[in-house]
Every structure is written in structure tokens, then in C-alpha cells.
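Student: I have a structure open and would like to go through its packing with you. May I start with the helices and move on from there?
Tutor: Certainly; please bring it up.

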Amino acid sequence: MSKAAVPAQNGPHTPVPAPHDVIRVHGARVNNLRDVSVDIPKRSLTVFTGVSGSGKSSLVFETIAAESQRLINETYSAFVQGFMPTLARPDVDVLEGLTTAIVVDQERIAADPRSTVGTVTDVNALLRILFSRLGEPRIGPPSAFSFNTPSVRAAGAITVERGTARTVKQTFSRAGGMCPRCEGRGTVSDIDLTQLYDDSKSIAEGAFTIPGWKSDSWWTVRTYAASGFLDPNKPIREFTEKEMEDFLHHEPVKVKVEGANLTYEGLIPKLRKSILSKDRGAMQPHIREFVDRAVTFVSCPECDGTRLSASARSSRIRGRNIADLCAMEIGELAAWVAGLDEPAVAPLLASLRGVLDSFVGIGLGYLSLERPTGSLSGGEAQRVKMIRHLGSSLTDVTYVFDEPTVGLHPHDIQRVNDLLLRLRDKGNTVLVVEHKPQTIAIADHVVDLGPGAGTEGGTVCFEGTVEGLRAAGTVTGRHLEDRTLLKEKVRVPTGRLEIRGARAHNLRDVDVDIPLGVLVVVTGVAGSGKSSLVHGSLVGTPLGDGAGVVSVGQGAIRGSRRSNPATYTGLLEPIRKAFAKANGVKPALFSANSEGACPGCNGAGVVYTDLAMMAGVSTPCEDCEGKRFQPAVLEYRLGGRDISEVLALPVSEALDFFASGEARTPAAHRVLTRLDDVGLGYLTLGQPLTTLSGGERQRLKLATHMGDPGGVYVLDEPTTGLHLADVGQLLTLLDRLVDSGKSVVVVEHHLAVMAHADWIIDLGPGAGREGGRVVFEGTPADLVGAASTLTAEHLAAYTAP
């Protein structure tokens, strides 16, 4: 990095970067940032550290990256900007030296049933072009190999108005690769009719047992009656063969009910469109439970699960069709493509080789292109999003990464470190928000925010080198060299849960016993089969005695600006009832989304002014002054506070407020205790979910599920987004769950969690086809003593005195 040889004020030998060699931030006030000023060197690797909620994401993503994107958008014409999202300028006094920012964040890849690793990385698009040019027999354009494109044929008469209008016959056809039986999904569903309705009842008597279907409503009954196909007052078991066919499978048809045109449709196609077309992972829990009970998904018998039509599978290159290539491990596919020498498509092959080599280089060579994106772990999804940037020829770009080591085994972190250094060495500025010491150690520059979280954070505690951070005495500096001792005494299991013949994804007929009543950690390199074992075999297993499995996965929290910790956890409900009881009014008055909302801003607290292609402006509502409620509602009090003042309380203060006195509310106190237990005592009850960091969202979800009844808790990488100083509090929480009689199974890579476990199940030895086996079962001490796996090597180094 070029630097001007000008002496710095803080030392005669410290060169100061020239103004154009730094990203200069002065007076940043986004979220909890308190007039933060910092100079970030360009063409260097800068790591931002600090406890969860200290302001790292506010500075890096919502200030630097957001302003870069806004400035780029302003270079387009007003016409083009009208089609783009409008971005407001971050609250900052000075922001200079920005370059184009490419952001790789933690947002999960959409789990659409048609989305695969090949489609989201555009590798499938390259393969489709390759087969349209080289495949034998030639069957058509690239769309003929797409499982998202159906074949279309049409014929008819059209009127051509050229000179004298005349009618001509025209035919149209489009070759698509979609399997017509499964419509490109690869699976077909077999529905258990006994789970859909009670055939001893009539439709009018409420025969349907599908969640959300009110078959006994007047409107539904009249629709069935108006169709003329069946009698809604007749028990379903007495339907004739024709009536049953119309009831289950009739094509959509318009019927008139009380002068209104409605659509009558058979039960099965209606169910497929309304429920079964959605991805299972995106369903509400009660809908997912119904689907699991009523529907069995099997591989499509017509396409063998490849999603492709017979025509698309008939075209081959060197004996392999496109489905064969998508089913290969990417490392194997990369070797196959490397063996192709076709001058006619040389640029295409070069591009394809580059992307596939990037997969291998970043440690994802064990995946296949046909793998659904919804089945990827958080770390895999994060790295898949990096793929498109690895071969880029751009330089002097600012790459912004949000915890790129999420979901990675210590053995795999070095690959990501190499990637970050490669991007830097090409002349780019790399900004990384990270907690892992292995990645902090490679930084050229470190910015440590804190000292605490929320209102206690938002300041720069340290700025300088890694060595300087170690000696700085900040929370991060003190914990950077943390080590722990192996647990001397482990708990004795109260029972065992047997898993036999597990074969999900890459598992190879795995037989393993999960000890109950203890803390179990399932670990192994990324792609070794951990999530496949736990979520494919353990989650959903009946345990008897009313005990169930509570699964806390890595799925994103869904919520709008109106959502906050109080609404997400269900805390607002007992608070509203407590206010209503104390004041003798309706609970709905104390909801900013219901009757109590300020009419001026509809309960949003701010008024938005749309300025077309320019950034919209939001101003505090003049009627409620940002409090979101009607003035009359704020007259009602509980324990001396109105509802807006209660929602402005931090969790720690609200815990005391609802513990005793007039405001004593046990139901609210229980929820607040769980929020405090997971380290969220600094969050305010009404803070929008959109402002929470990744670590805060993970812990908020954990706190919510802690109230669910269940005998076994399955946690998928609960240390995601946690600072080194927060891991100890998480371990205390896990101990509390186990000591209360629960069984806790954690899929985790963090070495401190492994060292604290009662039992470890290590999968491997490698990833993908080289994994899928249990390579160790036992205590952490036995694992270190055996020294037979990659996990054992890293754990031994971590726990060494």
C-alpha cells in the first residue's frame, strides 16, 4: 500500500496514509454509533471486532457500504433510478475515499423448491449453453435443458395489419427441459386422504382437518352447493364414484354464488397450489407438521429425481447427459470439464472451469450442482455467495464480508483466510466483520468497537495492528488468546436415542447413539454430514412421554420495521393485557398495529415522504412525536409508565419493572428472563428487528424457543455472531438447560463448546463423498487423547496449557 512519508503526530516513525489512500469516516451516528470517526486504509485487510451489538454492522454495512451503493445509484439517469431501490444517506458528517462496494452478507439464500447450487451460481446456465452447442443429438436451445422451463406448443389464427389486414395461421413452440410429471421439482407427493378430512362428516359439518380450512363456513358450503357436483350436506363416505372424483380432482371451473364469480376446484389440486407448492422450510410450524403427517414426498418416477424431461436427458457429451453432470461432486465435475478441448466453445469452457475451480478452492468441491439451496448450512450458503467474486478481474474494489467463517470447522478457516488475502493482494480493500481469532490474526488493520453492546457501545475502543489489540486491554484484546481446560467430570447419560441406517445426503448408513440428559456436540469439517445427521434423523423423532424435539436452526428471523423483540417473543401480549386490566379498557388499544395506533403515522412512529428516484425522507410523526400511539392511549399507565415508555425500556430494566408492585406480570417476567439469560439485557423492547445484528437475531430466536415444551433441544451453531466474551454466557445457559432435565444437542465448530461438552460425535473424515461417517464418539478428553481426527488436532492445540 502506498503511503506518504509524512511523520505522524503520535510517533516520529509512523507514516500517515495520503488522503486518497484511506476511507475516512467522521461523525457516524447510524443506530447506536456515537459520532464515530475512523480512517480505514485502502488496499488492506481491515477486521472490525467487538461484542455483538457494539456497532460493527452499523459502521461497515449501514454506513460505508450503504453510502457506496447510494453514490453508485446516483450515477444512473433519473429514468433508471426510478426502477431502483431508493437509499437514504447514512447519518454521518463526512464519508470520503469510497470505492465500489461488493457486499457478501449473512442473509440465507432463498429456499425456493426450484433453487439449486447450480442455478444460484449460474453454473447451470453455462452447462445449458454447452449442451445446446455440443450435445448429441441436438435437441434445441439452452432452454431445452432447463428444468424451470416447460415445453410449449400453440397453434391458431392471427391478424396481420400490414397494408390490407389479413388472417394467417401461425404455430409456435418452445423447447423446455422441465419434467412434466413433477414440474421440475424432482419429487412427487403422495397424499394421505385420511389426514385431509373426516369422511364420516359432511362438508357442512366441518369435515376438513387441514389447518386454516374452515369447511363449515357459510361461504364454503354455498360454493360447493353452487358447483352442482356434490351435496355439501352429505357425508363424504357416501359420495358416489363420480362425486368423489369431482370432489378430489375436478379442474378449476367458475361458479356463481350470490351474484359473485368464484372458482371451484378439486381438493387435491387446490391443496397442491395453496400449500405443497411452498418450500417446507418456509412454512409455519403447524403447517409443516400437517405436511409431514399428511404428505409423503418421493423421487419422481418419470425423471428419477433429475427434474429434467426425457428429451433433455437424451442429449449427451462424451457419454454423459446434463443430469449426470449436475449429480457429480463439483470437484469431480471440474476434472471432467478440464478434459474437454473444444475450440468452438473455448471462452465458455474457460468461464465454466473458473467457477468450478473456485468451488474447489473455497472448500465446496464436495457439493453437487443439483443440491437444493434450502439444504445448505449457513457456512455453505455464505461461501456459495462468494463464488461469483473469486475470479473477478476488478481491482480497487471494496469487498465487505459479514463473518465469512460462519459454519466453518477450524480446519477450513484457513481456506477463507487465503481467499481474503488473495482479494487484498489484487489491489482491493477488504473489510471483514469477524469474531474468530484465526481471521483477526491475518488483519493488516483492526477496528475494535464497544466497549459494550447497544447504548453501552458505539465507540471505537481501539484502532491499529493485531499486536496492538492484544496489548490494548479491550474486551476483544483480553479474550483474543482465550484457552480453556477440558471438562474433568462429565455428566452420566440418562438414556440413549438410537439412530440407525441414516442415509440423508452423504451419510453412509450411519448408526449412532445420542446420549440423553447431557450436553452433546456434533462436529466435523464443513460438509461432513453433521446437519444431515441431526436434522435428517433426530429432528422429528418421537421420544415418548410427551417430550419432543425443539430445533433452533439458522433460518433468518422474519419481520418488518414494525416487528420488535416484544412482538417476536410474544412478550407484548401479556403486557397489553396487564395494561388493559389495570385501566379497564381493551388490550387492542395498546398495540401500535391495531386500535391504539397513531392515526397520523398509522403506528409507524415516522412519516415517509416518497421523492420518486431520490431517497425518501422519514420524519418523526408530529402527532405522536415518534411514540406510535394515540395521545389518549398514552394517558393509561401501569406502574407509573405509559405503553411507549415501557417499550423504550431495556430488557434488564423491564425485568425489574414487571417483577413486583402494580406492574407485576409473571408471564412477561418469564419471557424477559429468557432474553436476559441469552445476553440481550441491553436491547429495548420496542427496537425494530431490522436494526439487530446477526448475533442478536440468533440469540433472540434461542430465547423464544427456550419457552417451548420439549425434552431435547437441538441447536445449530448457536455461537454464530457471538463475541469471544459472550461464549461463556452461552455455555452457562446450555448447562442450565441440561441441569433442568433437558437433553441438548449442539451442531458446533467452536472449540470452547467442544471442550465443555459431555459427549462428542465427530463426523468425517473429510467432506462430501469423503465424509458421512462417524469417526469418533466419546468425551472431549478421549478425543484429544486419541488424536485421530482433524477435530482432535485443533482441540488439543486449543486446550493445551
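Student: Which helices do the buried residues of α11 pack against?
Tutor: This is a predicted model. In it, the buried residues of α11 pack against α3 (117-120), α10 (322-327) and α12 (346-361).

Student: And which residues of α11 are buried?
Tutor: Helix α11 covers residues 330-338, and I330, L333, A334, W336 and V337 are buried there. They span an arc of only 160° around the axis, which puts them on the same side of α11.

Student: Changing topic: what is the strand order in the open sheet of 6 strands?
Tutor: The order is β21-β24-β25-β20-β26-β27, with mixed pairing. At the edges are β21 (549-552) and β27 (773-778), each of which pairs on one side only. From one strand to the next, the twist averages 15°.

Student: Do tell me about β24 and β25: how many bridges join them, and do they run parallel or antiparallel?
Tutor: Strand β24 (residues 712-716) and strand β25 (residues 743-747) run parallel and are joined by 5 bridges. As one example, L715 has V746 in β25 as its bridge partner.

Student: Which helix lies across β20, β24 and β25?
Tutor: That is α25 (residues 727-739), which runs at about 145° to β25; β20 itself covers 519-524.

Student: On to the interior. Which residues touch the most other members of the largest nonpolar core?
Tutor: That core has 70 residues, and those touching the most other members are I575, I643, F658, L672, L685 and V744. Helix α25 gives the most to this core, with 7 residues.

Student: What does L672 touch, leaving out residues up to four places away in sequence?
Tutor: On that basis, L672 touches L571, V651, A654, L655, F658 and L685.

Student: And how many residues does the second, separate core have?
Tutor: The second core has 69 residues, including L308, I330, A381 and L724. I330 is also one of the buried residues of α11.

Student: One last pair: at what angle do α6 and α7 cross?
Tutor: The axes of α6 (residues 241-249) and α7 (residues 267-276) cross at roughly 10° and come within 4 Å. That angle makes α6 roughly parallel to α7, since angles under 35 degrees count as roughly parallel.

Student: Which residues meet there?
Tutor: From α6, F247, L248 and H249 meet L267, I268 and P269 of α7.

Conventions
Residues are numbered from 1 along each chain as its sequence is written. This is a predicted model: local features need pLDDT of at least 70, side-chain atom pairs count only at pLDDT 80 or more; totals for chains, interfaces and linings use all residues. Side-chain values use heavy atoms; hydrogens and water are left out. Two strands pair if DSSP finds at least two bridges between them. Helices (H or I, at least four residues) and strands (E, at least two) are DSSP runs, numbered from the N terminus. Axes are lines fitted to C-alpha atoms, for helices over the stretch in contact, and angles run from 0 to 180 degrees between N-to-C directions. Contact means heavy atoms within 4.5 Å. Buried means under 20% relative accessible area, exposed over 50%, partly exposed in between (1.4 Å probe, protein chains only). The arc is that of the directions from the helix axis to the C-beta atoms. A nonpolar core is a set of buried Ala, Val, Leu, Ile, Met, Phe, Trp, Tyr and Cys residues joined through side-chain atoms within 4.5 Å. Angles under 35 degrees count as roughly parallel, over 145 as roughly antiparallel, 65 to 115 as roughly perpendicular and the rest as oblique.
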